[in-house]
Amino acid sequence: MGSGKRSLTTAAMALACACACAVLATPGVAYASPTPTPTRTPTATPTPAADKDLEAVRAKLDKLYHDAALATDAYNAAEEKAKKQSAELVDLAREIVKGQAKLDKLKDRAGAAARAQYRGGGLPPEARLWLSDDPQEFLDGAGRVRQGQHATKGLLGELTRTQQDLEQYAKDASAQWQKLEANRKAKAAAKKKIKQRISDAEKLESQLEKEEKERLAKLEEEAAYQAQTAWLSSGVLAEINSEASAQGKKAVKYATGQIGKPYEWGAEGPKSYDCSGLTSQAWASAGHPIPRTSQEQWKQLHRVDIKDMRPGDLIIYFDDASHVGMYIGDGAIVHAPRPGRTVTITGAGSMPILGVVRPDA
């Protein structure tokens with residue numbers, strides 16, 4: 001394929017977002033305007049062969065960025081697990097230090113008891129009773145000896161339990177360390193894959209000439225327009241009339257306040273975000289922490305029907321839950337699309353919807 005045909009690419013989601021934003025949203029407000037009929041600027045019709053080549057490039061770019069999104073979710077999940085395991089290791093280390101100090105004290109007490117018992121030994125009890133000037137005093141002393149023996153036995157039992165606790169702490173720490181190392185490796189592998197997919201996409205985009213980029217942008221815009229139009233034509237918007245909760249309004253305000261900031265994989269703000277970084281931080285700002293990744297948000301949060309959706313709810317996209325956006329009303333979402341794009345408003349139906357979850361159900 002020549003350079004003209006090979007260089008087909010770019011602006012996929014940006015233009016989809018731009019189109020939907022123009023269609024569904026009024027800049028500078030938290031909620032999109034009622035859904036006016038989108039307008040499209042007439043353009044010269046390219047040759048079918050050229051369109052076919054551009055569609056192939058668009059499909060390849062979509063796959064590359066989708067793979068990068070999946071790897072980003074894996075990276076974020078490994079990062080979260082590593083943070084948790086590091087904290088647990090610190091707690092275990094503290095317990096080991098405390099246990100060792102306790103063990104040292106118990107050993108000192110056991111040693112002192114053993115020495116005292118040795119000093120009080122010597123003659124058998126019958127001989128000590130025979131030689132004693134005060135038999136009652138001897139009997140009182142014998143009782144104290146028995147009490148001391150019981151105390152020593154209890155001391156040795158506590159010492160044994162403390163040693164067993166220390167051994168268990170050591171085993172737990174070893175297991176946590178192995179998990180931590182496994183997650184570090186998983187994070188490194190995901191990071192490598194993310195960079196490779198983004199690099200491949202950027203290389204493909206760099207081969208496009210200016211005219212091809214413009215035509216590709218039109219194709220992306222058209223695809224987003226058609227998907228959103230089909231979604232709205234189903235009548236779904238007429239059924240969606242729920243009002244946002246107080247926390248939902250705060251989350252929407254935060255998310256829309258990030259519009260224009262760049263996408264960056266693994267980022268949670270405040271200067272840049274990935275898709276789930278934006279939604280998780282928006283809800284954290286509303287005082288309701290939620291899982292970090294789009295896949296965990298889908299797994300753990302309460303699911304609601306699309307017809308019951310309200311602003312602040314999260315829409316999960318694609319069969320593998322690899323993308324998430326926040327519904328803001330009037331058929332629109334705010335989301336962080338992909339590398340090379342910024343946080344923006346787009347049509348809620350411009351991508352395949354897996355389902356809707358509600359953080360504050």
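**Briefing: a buried helix and its surroundings**

With 8 of its 11 residues buried, helix H9 is largely enclosed by the rest of the structure. Keep in mind that this is a predicted model. The protein chain has 361 residues, and 41% of them count as buried. For secondary structure, you get 10 helices and 6 strands in the protein chain.

**Helix H9 and what flanks it**

- H9 covers residues 275-285, and its buried residues are Cys275, Ser276, Gly277, Leu278, Thr279, Ser280, Ala282 and Trp283.
- Coming after H9 is Gly287, which has a positive phi, near 85°.
- On the other side, a loop links helix H8 (246-256) to H9, and Pro270 sits in that loop.
- Have a look at the backbone there: the peptide bond from Gly269 to Pro270 is cis, and its omega is near 0°.

**How H8 and H9 pack**

- Two numbers do the work when describing a packed helix pair: the angle between the axes and the distance between them.
- For H8 and H9, the axes come within 8 Å and cross at roughly 130°.
- Angles over 145 degrees would count as roughly antiparallel and 65 to 115 as roughly perpendicular, so H8 and H9 are oblique to each other.
- As for handedness, H8 passes H9 in a right-handed crossing.
- On the H8 side, the contact is made by Gln247, Gly248, Lys250, Ala251, Tyr254 and Ala255. H9 brings Leu278, Gln281, Ala282, Trp283 and Ser285 to that contact.
- Leu278, Ala282 and Trp283 are also among the buried residues of H9.

**The loop between S2 and S3**

- Strand S2 spans 314-317 and strand S3 spans 323-329, and Phe318 lies in the loop between them.
- Phe318 isn't a glycine, yet its phi is positive, near 70°.
- With a relative accessible area of 25%, Phe318 is partly exposed; the cut-off for buried is under 20%.
- Ala321 belongs to the loop between S2 and S3 too, and it is another non-glycine residue with a positive phi, near 55°.
- Ala321 has a relative accessible area of 3%, so it counts as buried.

**His323 and its neighbours**

- His323 is in strand S3, and at 4% relative accessibility this histidine is buried.
- If you're setting up protonation states, here's the pair to find: the side chains of His323 and His335 are joined by a polar contact of 2.8 Å.
- Leaving aside residues up to four places away in sequence, His323 touches Ile315, Ile316, Tyr317 and Phe318, among others.
- The contact list of His323 also includes Cys275 and Ser294, along with His335, Ala336, Pro337 and Met351.
- Cys275 ties this back to H9, where it is one of the buried residues.

**The chain as a whole**

- Take contacts in the protein chain between residues at least 6 apart in sequence: 74% of them join residues at least 24 apart.
- An unreviewed UniProt entry lists residues 68-109 and 187-222 under "coiled-coil region".
- Over residues 187-222, the model has the chain as 92% helix and 0% strand. The C-alpha atoms at the ends of that stretch are 36 Å apart.

Conventions: Residues are numbered from 1 along each chain as its sequence is written. This is a predicted model: local features need pLDDT of at least 70, side-chain atom pairs count only at pLDDT 80 or more; totals for chains, interfaces and linings use all residues. Side-chain values use heavy atoms; hydrogens and water are left out. UniProt positions are given in the numbering used here, feature names are shortened, and annotations may be inferred rather than shown by experiment. Helices (H or I, at least four residues) and strands (E, at least two) are DSSP runs, numbered from the N terminus. Buried means under 20% relative accessible area, exposed over 50%, partly exposed in between (1.4 Å probe, protein chains only). A polar contact is a pair of N or O atoms within 3.5 Å; within protein, one must be able to donate a hydrogen and the other to accept it, and residues adjacent in sequence count only if both atoms are side-chain atoms. Contact means heavy atoms within 4.5 Å. Axes are lines fitted to C-alpha atoms, for helices over the stretch in contact, and angles run from 0 to 180 degrees between N-to-C directions. Angles under 35 degrees count as roughly parallel, over 145 as roughly antiparallel, 65 to 115 as roughly perpendicular and the rest as oblique. A crossing is left-handed if the near helix is turned anticlockwise from the far one by less than a right angle, and right-handed if clockwise.
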